[in-house]
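Reader: I am new to this structure and would like to go through it step by step. Could you show it to me before we begin?

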Amino acid sequence: MCLAGFGAYAAQIDVVGLFKDKAVLVIDGSRHVLTLAEVSPEGVKLLAVETDYAVLEIAGKRSIHRLGQSGSLTTTFNSAPITEVRIARDSMGMYHSLGSINGAAVKFLVDTGATTLALNGMQARRLGIDFKTQGKPIPINTASGNTVGYLITLDRVKVGGIELHNVEAAVLDSNEPHEALLGMSFLGRLEMLNENGLLRLRKK
């Protein structure tokens with residue numbers, strides 16, 4: 001689910017130079033040289049240049065700005081989209097979500113008690129991860145006892161519309177965990193809110 005916000009601002013514009021088919025503008029303190037029909041990073045478009053003024057447009061509004069005279073144009077803009085993933089608690093009180101690792105489909109168990117995203121050896125091999133070559137061996141304690149794990153970095157991990165890059169993960173050279181654990185190396189980079197059995201994840 002993507003939520004887009006709206007806002008407005010008034011751009012402060014000073015025309016400090018006029019040339020053939022070009023104008024030098026200072027927009028909110030930033031200097032730009034625009035040619036005809038060019039748009040500044042702030043969204044100001046140069047429509048025409050005359051001897052002592054420039055015709056500008058922003059968000060469909062046109063105005064004349066004279067050389068050496070300050071002025072402003074008001075526009076509305078879309079803020080950056082907010083991507084939110086909602087995961088419902090199942091009958092066992094767990095949170096499961098479909099996602100992907102490096103583009104391959106994975107079913108995750110959300111586990112805020114896990115320091116990192118965690119996979120077992122079979123899962124990692126299915127994903128094409130050569131964890132013994134690429135990973136750093138580390139000792140790991142599990143419910144079944146001590147085992148060897150391999151610390152790796154995953155290029156891409158995606159859940160719903162949220163995709164993060166360079167996510168740390170641990171691969172256990174055993175049959176555990178039985179499900180891929182979505183741990184804090186992924187969750188810790190998000191905002192989390194638990195409301196009445198609904199877990200909401202958002203990019204910070």
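Author: We can start with one pair of strands, where strands are DSSP runs of E of at least two residues, numbered from the N terminus, and two of them pair if DSSP finds at least two bridges between them. Strand 10 (residues 96–101) and strand 11 (residues 104–110) run antiparallel, and the number of bridges that join them is 6. This is a predicted model, in which local features need pLDDT of at least 70, side-chain atom pairs count only at pLDDT 80 or more, and totals for chains, interfaces and linings use all residues. Residues are numbered from 1 along each chain as its sequence is written, and side-chain values use heavy atoms, with hydrogens and water left out.

Reader: Which residue in the hairpin of strand 10 and strand 11 takes a positive phi?

Author: Ile101 has Ala104 of strand 11 as its bridge partner. The hairpin has 2 residues between the strands, and the one with a positive phi, near 50°, is Asn102.

Reader: In which sense does strand 11 pair with strand 16, and which residue of strand 16 stands opposite Leu109?

Author: Strand 11 and strand 16 (residues 180–182) pair over 3 bridges, in the parallel sense. Within strand 16, the residue opposite Leu109 is Leu181.

Reader: Why is one side of strand 5 and of strand 7 left without a neighbour in the sheet?

Author: The open sheet consists of 3 strands in the order 5-6-7, with antiparallel pairing. Strand 5 (45–49) and strand 7 (61–66) each have a single partner strand, so one side of each is left without a neighbour, because both stand at the edges.

Reader: How many bridges join strand 5 to strand 6, and what stands opposite Val49?

Author: Strand 5 and strand 6 (residues 53–58) run antiparallel, and the bridges that join them number 4. Opposite Val49, in strand 6, stands Ala54.

Reader: What is the mean pLDDT of the protein, and where is it below 50?

Author: With pLDDT being the predictor's confidence in each residue, from 0 to 100, 86% of the residues reach 70 or more and the mean is 85. Where pLDDT is low, the predicted coordinates should not be read in detail. The pLDDT stays under 50 over residues 75–80, and it is also below 50 over residues 1–9.

Reader: How much of the protein counts as buried?

Author: A residue is buried if its relative accessible area is under 20%, exposed if over 50%, and partly exposed in between, using a 1.4 Å probe and protein chains only. Of the 204 residues, the share that counts as buried is 40%.

Methods: Contact means heavy atoms within 4.5 Å.
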